[in-house]
Protein chains: 2
Amino acid sequence: MATIKDVAKVAGVSVATVSRVLNSNGYVNVDTKKRVDQAIEQLNYRPNDVARALFKGRSKMIALFVPDIMNPFFPELARAVEDITNKNDYTFVLCNTDDNLEKVLTYMDALQQKSVDGIIIVSSTITAESLKRINVPVIALDRIFSSELSTVTVDNYQGARKATEYLIGLGCQRIAHISGPINASNAKNRLQGYLDIVSDEDWFLPSYVASGSFNLQKAKDVATELLMNHPELDGIFAANDVMGIGAMKAAESLGIHVPNDLSVIAFDGITMGEMATPSLTTMEQPIYDMGARAAEMLIEQINDQKLSRKNEAFSVQLVERQSTKRKRDMNE
Amino acid sequence: MATIKDVAKVAGVSVATVSRVLNSNGYVNVDTKKRVDQAIEQLNYRPNDVARALFKGRSKMIALFVPDIMNPFFPELARAVEDITNKNDYTFVLCNTDDNLEKVLTYMDALQQKSVDGIIIVSSTITAESLKRINVPVIALDRIFSSELSTVTVDNYQGARKATEYLIGLGCQRIAHISGPINASNAKNRLQGYLDIVSDEDWFLPSYVASGSFNLQKAKDVATELLMNHPELDGIFAANDVMGIGAMKAAESLGIHVPNDLSVIAFDGITMGEMATPSLTTMEQPIYDMGARAAEMLIEQINDQKLSRKNEAFSVQLVERQSTKRKRDMNE
DNA sequence: ATGCTATATGTAACCCGTTACATATAATGA
DNA sequence: TCATTATATGTAACGGGTTACATATAGCAT
């Protein structure tokens, strides 16, 4: 690997001049620049980012914390963040936290030691306290866990209202909700949106709400219980698509036909929802756009440390597919 | 951020002694060590990895190249690699290549400049030539693209044979294959496995093979064509699960019942296959284990540069689910 | 002609570790 | 007792960049 000294020698100048050429800094004579460029070309020289990082205290790396990349919601988010970070000459580091605070802290130390420039975090368990451990810009994505951070989310509350209203509009008369973990802000808001629509209905029972932890198997289990205890249910709003699929699996194994006997709507808009049979009606989030926006905001903050806090909420969009259907006997 | 100098000052020793304590190198008096440890504790000192990397020419970073993390096969692979790299105190960098050579080269330059320690590559298009661009250990995973590299794969050929034989064993008498891109070694071997079983059958037609590019929509299209042109088909072996789901979707929209009229078997064992309805019979790969093994092999190679080339192939396992069924009328 | 500024380039300190080498004392062996 | 070795610690060079500061010439205004 050629170094800046080699380039300087070949071009017959000092390292400072080469550095000026590399960074388009200060004064450099056009002819000198030409000679330096030639030397760079000739030696196929690439500046050593580690040396730069050491001096600058910045590494041109951005990290994304997700609970688990195997959860199908996250790959698209990760892809978006990676695309934007790369476009801006950053390197993308992926960290699976399992929503485990200790892992998060270990990651933060490791990243700090590598002079990471900024972090995007999807988490419901991280404490604002633990962010003090690291002194770089942080953006919260998808879920809010500290009021001091800039955030990118969707309007979970309105989306949940719309989903519930949609089921009512189809003629559903008993609607259950499978919620995510209530310590997650998005799950909480989706639950609230549902409750604000149905809690005044005379048919509503608190036992129409069950927690599925954003997990397929768990959702399948609670949906089974829900459907067995409440055969009158004709609609389910699941707080995410994975749980929506779990609910459909539960219905199927109980011989309940979706969408004829039961309409299922969920939330997220992951590809898997389209592939399910029946395909899943859902409140679609602009997942890629959210990841991309979070990355952009982070880079803005890296470039301008004093930038103020900003919250951006995308809106969600109803995508009607096969898991919901207007009720025939809606002529009362 | 405290530096090693601060620690040295507080402990009343030189930086060399602190360094010795940090790295358990050379001689250090027990009492001195105690004082240094206290100083480290007191200042909450963490060594600067960038400075270390500059001196050592190694960054403790490992990169994984995948075509696209949004393809559901890769998250589990990525998760495995990340787990192992972290366990060994490496930082995990994810690179989506889109199987685009130019992106690959850009990544390689960027990683080289950051003194990355090693790379794991899933790719069908990278040339052995382009690997010369970077001078670090490389492991090929899932697909073989250079005979000079250590590789971790599965026995695609045997798996494909078993899948095809399984369909025959169920009584299928006309079996088509939806292949992946033939420039991918795994797709090629799966195709060959299929061909070696069926090409001598008198019913076999070359037009029973169609390429689906490992892509759902493409597979759905070619499956539709296949099923329309060849209504006699009663079995499909898709070269991966995503295409298997595409084939089922095609059958569904043509009113062909899976598995009663058509058995579908695929390859991979991704979670989505379980979630599909009917759930997908498949040749399951130990995806996590493969990623983990590749990471382990890479780390071995990083620690012992002269380690010889090694190829490891995991075996695949038949997982019977709802998309395949023994034919009733198999009494001839 | 003189002083000031813009242009051009070089020297060396600095970022923060690691380690070769120097130095010094204590322990061991002949 | 003297040489040798093990133990203990410090000094300074080094890795490869960036940049503050010094230096020097040319162009311009007064």
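Visitor: How do the residues of the surface near DNA strand C divide into nonpolar, polar and charged?

Guide: In this predicted model, that surface holds 12 nonpolar, 10 polar and four charged residues.

Visitor: What makes a residue count as near DNA strand C?

Guide: One of its heavy atoms has to lie within 4 Å of the strand. Around DNA strand C there are 26 residues, and A:Arg20, A:Tyr27, A:Thr32, B:Ser19 and B:Arg52 come nearest.

Visitor: Which elements supply at least two residues each of that surface?

Guide: They are α2 and α4 of chain A, together with α2 and α4 of chain B.

Visitor: Why is the pair formed by B:Ser19 and DNA strand C called a polar contact?

Guide: A polar contact needs N or O atoms within 3.5 Å. An N or O atom in the side chain of B:Ser19 is 2.7 Å from a phosphate oxygen of DNA strand C, so the pair qualifies. A polar backbone atom of A:Asn29 also has a phosphate oxygen of DNA strand C as its partner, at 2.8 Å. For B:Asn48, a backbone N or O atom lies 3.2 Å from a sugar or linking oxygen of the strand.

Visitor: Let's turn to the other strand. How do you know that A:Asn25 makes a polar contact with DNA strand D?

Guide: A polar side-chain atom of A:Asn25 lies 3.4 Å from a phosphate oxygen of DNA strand D; the limit is 3.5 Å, so the pair counts. A:Lys56 has a polar side-chain atom 3.3 Å from a phosphate oxygen, while A:Ile4 uses a backbone N or O atom, at 2.7 Å.

Visitor: Which element gives the largest share of the surface near DNA strand D?

Guide: That is α4(A), with five residues.

Visitor: What share of the DNA strand D atoms within 4 Å of the protein belongs to sugar or phosphate?

Guide: It is 61%, and the rest belong to bases.

Visitor: Chain B also has a sheet. Why are β7 and β12 called edge strands?

Guide: The order in this open sheet is β7-β6-β8-β9-β10-β12, with mixed pairing. β7 (209-211) and β12 (317-319) of chain B each pair on one side only.

Visitor: How do you know that β9 and β10 of chain B pair?

Guide: Pairing takes at least two bridges. Strands β9 and β10 of chain B have four, in the parallel sense, so they pass. B:Ala266 stands opposite B:Thr282 in β10(B).

Visitor: Which helix lies across β6, β7 and β8 of chain B?

Guide: Helix α10 (residues 216-229) of chain B does, running at about 155° to β6(B).

Conventions. Residues numbered from 1 in each chain as written. Chains lettered and ligands numbered in written order. Predicted model: local features only at pLDDT ≥ 70, side-chain atom pairs only at ≥ 80, totals over all residues. Heavy atoms only, no water. Polar contact = N/O pair within 3.5 Å; in protein donor to acceptor, adjacent residues only side chain to side chain. Nonpolar A, V, L, I, M, F, W, Y, C, P; charged D, E, K, R; others polar. Contact = heavy atoms within 4.5 Å. Axes fitted to C-alpha atoms, helices over the stretch in contact; angles between N-to-C directions.
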